[in-house]
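Me: Could you take a close look at one part of this model for me? I'd like to hear how the protein meets the DNA, and then what the empty spaces look like.

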Number of protein chains: 2
Amino acid sequence: MRNVTIVHVAEKARVSVKTVSRVVNNEPTVTPELRERVQAAIDQLGYAPNIAARRLGGGRSFLIVAFNDRKLTLENWASDRGNNWIDRMQYGAMLRCDVHGYHLLCELIDLESGQLARRVQHVLSTLRPDGVILTPPNCEDPTVLEALKRAQIPFVRMGSAQAGPGARVRMDDQAAARRLTEHLVELGHRRVGFVTGSARFLASRAREDGYRAALAAAGLPVDETLLVPGDFTFEGGVAAAEALLPRPDRPTAILAGNDETALAVMHVARRLDIAIPGDLSLATFDDTPSVRLSLPPLTTVRQPVAEMAAQAVDLLVAAAAKDGKLSRADNLLPFELALRASTAPPR
Amino acid sequence: MRNVTIVHVAEKARVSVKTVSRVVNNEPTVTPELRERVQAAIDQLGYAPNIAARRLGGGRSFLIVAFNDRKLTLENWASDRGNNWIDRMQYGAMLRCDVHGYHLLCELIDLESGQLARRVQHVLSTLRPDGVILTPPNCEDPTVLEALKRAQIPFVRMGSAQAGPGARVRMDDQAAARRLTEHLVELGHRRVGFVTGSARFLASRAREDGYRAALAAAGLPVDETLLVPGDFTFEGGVAAAEALLPRPDRPTAILAGNDETALAVMHVARRLDIAIPGDLSLATFDDTPSVRLSLPPLTTVRQPVAEMAAQAVDLLVAAAAKDGKLSRADNLLPFELALRASTAPPR
DNA sequence: AGATAGTAAGACATCGTTGTCAAAGATTCG
DNA sequence: CGAATCTTTGACAACGATGTCTTACTATCT
């Protein structure tokens, strides 16, 4: 009973293979009676259409490729930094692919490699996916975008603050930073520090804008010396915290560019015997497990990464089912503020 | 220049398509001169063989499927529990697939579903992968194993303490638990508690055996009341800690079944004002990011998950390249002890 | 009733590779 | 030197689905 093909089903149901194909693909022009007979044969034989043959036959590939940044992924998985943005993306995409009968392939690309265009093109032409999901910072790389466009494969850019080709799915980073800053201001903080994110990501810039906007709206001056560059790494966060915390006029609250940075701030604060939230309020972005289980748990903005990925898949599958054309829409998903014990009114 | 196929390459190099195929697959019977000409054509056209056609042509699929437990994955990714075992598996497998020109597909299966056998069979027959990687607890499920065997697809079971079909790649859980316990005993601890792992995983049992063996070897009695069942979750860890820590004769050290359990113990200890490592030493398994960045960082056994996955891929690719037969070997990889600030001599 | 239009089902070519087998050319051997 | 063997290359079928086109039948209209 190995290798059941469409021919076996056709024989068993006493119809042509084309009719079986029609039933499998839910095409309308099949009489209910035949449809039922075919379905019964499919169930009895345990038939599942072969994805390779489907693709070759001129149809869809039922494959979606997610291009992730190699360096980021390495940091994420190899050194266990706990940035699980990519994991959550994958989770959301995978669950949704399952629903549509699709399969998700994760491929790593290295933006700094000289082979970048070649690599992207190679992956696309071996796999010929029905759609591609790009995550930061790939989704803002001109070489990658160009390669995708030339291959004429629909793609969705996730979490990109930049307008451009393909569809977009993201949260409003600026609004999120603004809300977070407002929260601190509402608690009574007047001096709020900000450890900025990596310049490789446009979202970092958007977060900074939100921070500035919130302060401006509250009528508070922006003390430029309270803005310290971070790079999304633990070490960067330590350096930034060491610049901010020993100051006599240190801020009463700090907004960290991401969770890892925040944990670094916590470590430095602990070393300097600065209590959180007693002496210092701390808020951050991303809401990874480390900051939910930390002592104290941190106030964060929860980015709906899985939901974004799910929507990306929906868009791509819909495009593939239709005409392969994808609208260039910009889909904004709502974020969530998780208020936890790390933020409190200043002493 | 879209959709470059083997025919285009053949025309450009003025050879038959079969010869191009030979060059692409590194078959020996091609003269160096022709090989070079063909390679030049491939490079110039940017040709990449279509995976679907390859599979259909009777060859390999260049696909490896990893079956992960749906529930675990959901906990891992959705609720951000920080169990990144699966992530690290994926990371190791993906990097290695890349080297071999393979692609990794992650599929979720639900052991509790009545459709389990059907689901596995369905995935295998649509994708027809060259090999399958099973992670706990799937790798010990008879239904899954049976379905794999029937499909005659080579598979590797990762991290399984159980003998059985297919190849195995794992670390020695018992030895790891033993080493960790020995470390605590060497520090001078005489009363070592153990929050056991989930009974769904045979490895939990092996860890308990290692714990007992270490105590026995040190001539210490096993106080059964110091063995508390956990289930690998934070809540389970809290319950266990609440059973162990308020006791007047509480242990001076605790071995946690996994990192999440350990974090739970930390939270309870903090609440009860029990200092770590001053009043209580704490050691655990897995070495996820949360416990490296926690305060204090925890002593753990580092499981070589990525390396295990890489080896699994190597085994599967080698089998596919040869005759599709996979040896039933049991490959043990060395673990690593990460000694950190959470363990110290008792007061 | 006959012509027309519309619908359901099937025949057949096709996608891009690899496996099989045959042919051509090179080499070895008696 | 001719036959036998080995090596290199190519022709062609096959894989398992879908797209296109055709055919057979049914319903509709005049």
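Reply: Here's a walk along the two DNA strands, followed by the pocket, the cavities and one helix. Keep in mind that this is a predicted model.

Let's start with DNA strand C. There are 24 residues around DNA strand C, and A:Thr19, A:Thr31, A:Leu56, B:Ile6 and B:Ser21 come nearest. So both chains turn up in that short list, as A:Thr19 and B:Ser21 show. For the backbone side of things, the side chain of A:Thr19 has an N or O atom 2.3 Å from a phosphate oxygen of DNA strand C. The side chain of B:Ser21 puts an N or O atom 2.4 Å from a phosphate oxygen of DNA strand C. The bases get a contact too: a polar backbone atom of A:Leu56 lies 2.5 Å from a base oxygen of DNA strand C. The elements giving two or more residues to this surface are α2 of chain A, plus α2 and α4 (51–56) of chain B. Of the strand C atoms within 4 Å of the protein, 68% belong to sugar or phosphate and the rest to bases. By class, the protein surface here has ten nonpolar, ten polar and four charged residues.

Now for DNA strand D. This strand has 23 residues around it, with A:Ile6, A:Ser21, A:Asn25, B:Thr19 and B:Leu56 coming nearest. A:Ser21 has a side-chain N or O atom 2.3 Å from a phosphate oxygen of DNA strand D, and B:Thr31 has a side-chain N or O atom 2.6 Å from a phosphate oxygen of that strand. On the base side, a backbone N or O atom of A:Gly57 sits 3.5 Å from a base nitrogen of DNA strand D. Two or more residues each come from α2 (17–24) and α4 (51–56) of chain A and from α2 (17–24) of chain B. Sugar or phosphate accounts for 64% of the strand D atoms within 4 Å of the protein, and bases for the rest. The surface near DNA strand D divides into nine nonpolar, ten polar and four charged residues.

On to the empty space. The largest pocket holds about 1000 Å³. Its lining has 37 residues, with B:Leu148, B:Arg150, B:Ala151, B:Gln152 and B:Ile153 nearest the centre. Elements giving two or more residues to that lining are α3 (32–45) of chain A, along with α7 (116–127) and α8 (142–151) of chain B. The largest share, seven residues, comes from α8(B). The pocket lining has 15 nonpolar, nine polar and 13 charged residues.

As for closed space, there are seven cavities of 30 Å³ or more, and the largest cavity has about 180 Å³. It is lined by 15 residues, and A:Ser294, A:Leu295, B:Leu293, B:Ser294 and B:Leu295 are the closest to its centre. Here α12 (259–271) of chain A and both α12 (259–271) and α13 (289–292) of chain B give two or more residues. The cavity lining has nine nonpolar and six polar residues, and no charged ones.

Last, a quick check on helix α6 (residues 85–100) of chain B. At 1.5 Å a residue, its 16 residues should span 22 Å, and the end C-alpha atoms are 23 Å apart, which agrees. The buried residues of α6(B) include B:Trp85, B:Arg88, B:Tyr91 and B:Cys97. Just after α6(B), B:Gly101 takes a positive phi of about 75°.

Definitions and conventions: Residues numbered from 1 in each chain as written. Chains lettered and ligands numbered in written order. Predicted model: local features only at pLDDT ≥ 70, side-chain atom pairs only at ≥ 80, totals over all residues. Heavy atoms only, no water. Helix = DSSP H or I, 4+ residues; strand = E, 2+ residues; numbered from the N terminus. Expected span 1.5 Å × (residues − 1). Buried < 20%, exposed > 50% of the residue type's maximum accessible area, 1.4 Å probe, protein only. Near = heavy atom within 4 Å. Polar contact = N/O pair within 3.5 Å; in protein donor to acceptor, adjacent residues only side chain to side chain. Nonpolar A, V, L, I, M, F, W, Y, C, P; charged D, E, K, R; others polar. 1 Å grid on protein atoms, 1.4 Å probe; cavity = no way out; pocket = protein on both sides within 12 Å on 5 of 7 lines; lining within 4 Å. Points joined across faces, edges and corners; volume = space filled by probe spheres on them.
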